[in-house]
Amino acid sequence: MSFLKKSPWIIHYDGTSCNGCDIEVLACLTPLYDVERFGVVNTGNPKHADILLITGSVNEQNKDVVWQIFNQMANPKVVVAVGICATSGGIFAECYNVMGGVDKIIPVDVYVPGCAARPESIIDGVVKALDILEEKRVALARRRRKARKARPVSLTNLF
Amino acid sequence: MESILLLILFPLFTGTILLFVKNDSLRKIIVRLAALILIAVSLLTTVRYFNDGLTLALHREWINYGMVVIESILAIVIIALSIKHKKHLPILLILIQTSLINWYEFTHSHEVEIKADIVIDRFTLIMVLITGVIGSLICVYALNYMKDYHHHHQEVKDRRPFFFFLLFAFLSAMFGIVLSNNLLWMYFFWEITTLCSFLLIGYTQEETAVKNAFKALIMNLLGGFGFAAGIIYLGYAVGTQELNQLPVLAQSGIDLLIPAVLLAIAGVSKSAQMPFSSWLLGAMVAPTPSSALLHSSTMVKAGVYLLIRIAPILGFNVAGILVMMVGGITFLLASLMAITQSDGKKVLAYSTISNLGLIVACAGIGSYESIWAGMLLIIFHAIAKSLMFLSVGTVEHNMGSRDIEDMHGLIIKLPEMALMMTIGIAGMFLAPFGMLVSKWAALKAFIDSDNILIVMILVFGSAATLFYWTKWLGKLVAVLNKIERIPSKLTFDEWIALGTHAVLTVVICFAFPLIGNQFIEPYLNAQFAVQMDAVISDGNIKIMSMMLGMILLIPLGLLGFVALKEDRIVTSYMGGVNQGDNRYFTDALGNRKKMYLSNWYMEKYFSETRLNTIGIITTSAVIVVIFFMALGGVL
Amino acid sequence: MTGSTLSVLLYIFVGPIVGGLISGLDRKITARMQGRYGPPLLQPFYDVFKLLSKESIAVNGIQNFFIFCFLIFVVFTGSLFFMGGDILLVIFALTLASIFMVLGAYCANSPYSSIGAMRELLQMMAYEPMVLLTAIGFYVVTKSFNITEIMGFNVPLVLYLPGIFLGFAYILTMKLRKSPFDLSMSHHAHQEVVKGITTEFSGSTLAMIEIAHWYENLFLMGFIFLFFVWKMPGSWLVGLGACIIMYFIEIVLDNASARVKWQLAFSSAWIVAAALGFTNLLILFLMK
């Protein structure tokens, strides 16, 4: 039984967004949409999160930040790009400092277009991401079993 | 008899030899050998006098006159040094008390009958063991420390022969204090420790050192004055001069209020309680071994030793309230002030003052339970605090700093020292280690004495204690990048001293029921002429031992944990702006900045100067009011 | 002996289930108070099982070990409590457990977890006096630190210790990590920038922290229980009722207040302890 799908914890990162999508992301938590019904928690900490929700495009300033936050998340993890800026750079794509969508830096699993993306579509995107998350979990479990067999217990990795 | 002479005279003899030894390796051999002998003699004395104890009367006039002569010489030394440094107060104090004591000695003392000059009971043996074992280990530790010290501090004149002479002379005086039953003798040794401590603090001969040395001298002379006055009052008004007679007399209904107050002032000043506490803080300018020896494990213990000896008479009268209040207030305020300090040695100094405050408060209550707790505190505190001092000293030599902020990540920088310090800190405040056991007993005793004020003080003081120790511990365990490791220069002597201390800290936690049974309870049963139940029940001791066992399993568990772990190592969370690792980050302007994590010191809330002023005012008020009440005879 | 063994076994095995359910109920009630539907009742269990299945990441190799010790000692503390042991020993053991958690956060050596650790430590300093005074209050009334004996007193202890009860209720907010005193970390769906003391812990280690809190909450409510239970058979119902009401009040408080500054949290906790605890004890001493 998979508990991952019942408890997706999210970290929300705001790239170069105009804050339109961010408002909509937070709207999902309000009584009207109440995503906590599905166990979704907005953690604010990559180490606790399963889903990286990015709004806004990636630029020269924040590319390292996006990459590091992604890297600091525990597997299995998925990335959801929310809004047209995050998916492709949107109207800012041609700006001198904008690199484009999030997928220029990290692998994106679900694209949620819209300007701004509506709460319904964001929730839909997260639900789609859950299936991918589950697939990744199964794959990870298989990999770990194999690795455990291959690797002997060792005392050398102290510190 | 022989072993007593050996205890007092052998260190003095060794010290005198060391005064003339200029050669490093020769000194090393002598000190190591002497330490070994001293430990052996202390243990032998314990075994020899364990069952029967000893009561010894030496009716020899020449001993007393010899003491008078030496005391006068000491006075002359102090006067000469005071004139040299243009200080006037010490001259006045030493003149008054030496002439007082000499006058008493010539006019009245031979009229007082002395049944026992030296008494050994179980409490004496505890003190002998502490002085012998801890003191000797510190001397051994000092060998390399002082060598390094002079290597680092070229500006300080190398007077090591004198330094070691003082250390050993001090040990012999300390043995003298705990063995004497004749108060005049005790006073004699008491003054020697005052002088030794004065000389040791001023060892570097720098300006601050000299200033602080005189501060210590004045405070201790004030206490010594109280001691002298107490003896004279006892001699004239009560007709006794023996420590072990005081509780007996008190129980037979004789009023001992004034001498009790006077002796209490002596004890309180020696154990660096407020308002006298500043001398101990100033004493931290001295090299670490002397801090460890004098100002944590032995000299200040002389003060609380005297107080616990007279505790049964304190329980009866208002002098007990004086001691209890001074101890309690000092405990609370010193714990709070320790929060604001980042200098390792200063934290230790405040913690010493506060723990001594607790012991003093225990003595002031003077009930069976509270004295039990106080005696246990003396033992645990001596070992753990000495370990902490030596560790801080070693860390300072390896890293060039003793600031707690610089000990950040010591577990990576100097793993072995981090381990030692962890044991020391755990021993200072953590369940199920020693100090906590005694604090627990103290808490019970305080409640049973129906003294709500002191209960409140203990409760808040322990919370502060928890805070400043844990944040220090937290600094030690922070894991840094491997490249910050420092090559350690620990020598054999240091290993021996530190290792023995660490092992003792742990072993004593398992052994405390035994110490309670074999040493403390027999002494207290004799003092109170009652048979009491165990202060901490067997069931709880078992649970504590279990906890201790669990804690000792931790290193083993850690190994297993590390062996089995499959952690993927990632960088720490810094809002995503780490620069490659956990040490640097990108600031708002895009610059590379080194991360620096500081502890909280909250100077605004527990301001040292403010709390110090409060403490000095309240404790002085307590002392003055009670002193004059006692003098006026209203109570 | 068999009774206490049974209750310890119950605590160890059934404790986390009850604790998890309480936590689930807490989230549900909180959601309803905010006009939301809220997560399923079993959500805390889903969370913990999910965390257990995640990859284990860490900043260094030993930080997680401290949390493991934290869990072990929390269970140990609770067992001592439910065994009917010495209440002071329970408090000391709990302190030891909390210190392990603080050290774990220090060990991670990251800015957020370090601040969390400092705040946790500050909270410990803030509530420690009141917790000790609670035990002292029990002792002064019942002449015993033993929990079984405390429970066998003639009348509910709260009648003798109203001040101490209120003081304990005040710091209970801190211990349960509820607003306004959730300084070092807040719980479940709270909005928080980063997760304070738990920032660097993830996966199974985070699950351990969660489980430890279930255990911890349970015997914290046990303290409340002690105030209301007395010799009369069936009085445990009163105790249970008191616990439920207390917890509900905590939830209301949690939802109705924002986090305060540490200065206020700390000074108010000490003032409450000094005022309520002192007054209550003083009256008890005078009554003797």
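**Group meeting: one residue, one chain, two contacts**

Let me start with a single residue, B:Ser25, which sits in helix H2 of chain B, the helix that runs over residues 24-49. Before going on, note that this is a predicted model.

Is B:Ser25 buried or exposed? The count of C-beta neighbours inside 10 Å is 8, and a residue is called exposed at 12 or fewer, so B:Ser25 is exposed. For a sense of distance within chain B, take B:Val77, which lies 52 residues from B:Ser25 along the chain. The C-alpha atoms of these two residues are 31 Å apart.

Next, chain A. How many helices and strands does chain A have? There are 4 helices and 7 strands. In sequence order, these elements give the pattern β-α-β-β-β-α-β-α-β-β-α. If you look at the C-alpha trace of chain A along its principal axes, the spans are about 55 × 40 × 25 Å.

Chain A has 159 residues, and 48% of them are buried. Now consider the contacts in chain A between residues with a separation of 6 or more. Of those contacts, 82% join residues that are 24 or more positions apart.

Chain A also touches chain C. On the chain A side 23 residues take part, and on the chain C side 30 residues do. Which elements of chain A give two or more residues to this contact? They are strand S2, residues 41-42, and helix H4, residues 119-150. Sorted by class, the side of chain A that touches chain C consists of 8 nonpolar, 9 polar and 6 charged residues.

The last item is a pair of helices from two chains. One is helix H23 of chain B, residues 538-564, and the other is helix H3 of chain C, residues 63-82. Their axes come within 11 Å of each other and cross at roughly 155°. Why do we call H23(B) and H3(C) roughly antiparallel? Angles over 145 degrees count as roughly antiparallel, and the crossing angle here is roughly 155°, so the term applies to H23(B) and H3(C). The crossing of H23(B) with H3(C) is right-handed.

Which residues meet there? From H23(B) we have B:Ile543, B:Ile554, B:Leu558 and B:Phe561. From H3(C) we have C:Phe65, C:Phe68, C:Cys69 and C:Leu80. By class, this contact between H23(B) and H3(C) has 8 nonpolar residues, no polar ones and no charged ones. Set that beside the side of chain A that touches chain C, where there are 9 polar and 6 charged residues.

How values were computed. Residues are numbered from 1 along each chain as its sequence is written. Chains are lettered from A and ligands numbered from 1 in the order in which they are written. This is a predicted model: local features need pLDDT of at least 70, side-chain atom pairs count only at pLDDT 80 or more; totals for chains, interfaces and linings use all residues. A residue is buried if 20 or more other C-beta atoms lie within 10 Å of its own, exposed if 12 or fewer, and partly exposed in between; C-beta atoms are placed from the backbone. Two residues are in contact if their C-beta atoms, placed from the backbone, lie within 7 Å. Ala, Val, Leu, Ile, Met, Phe, Trp, Tyr, Cys and Pro count as nonpolar, Asp, Glu, Lys and Arg as charged, and the others, Gly among them, as polar. Axes are lines fitted to C-alpha atoms, for helices over the stretch in contact, and angles run from 0 to 180 degrees between N-to-C directions. Angles under 35 degrees count as roughly parallel, over 145 as roughly antiparallel, 65 to 115 as roughly perpendicular and the rest as oblique. A crossing is left-handed if the near helix is turned anticlockwise from the far one by less than a right angle, and right-handed if clockwise.
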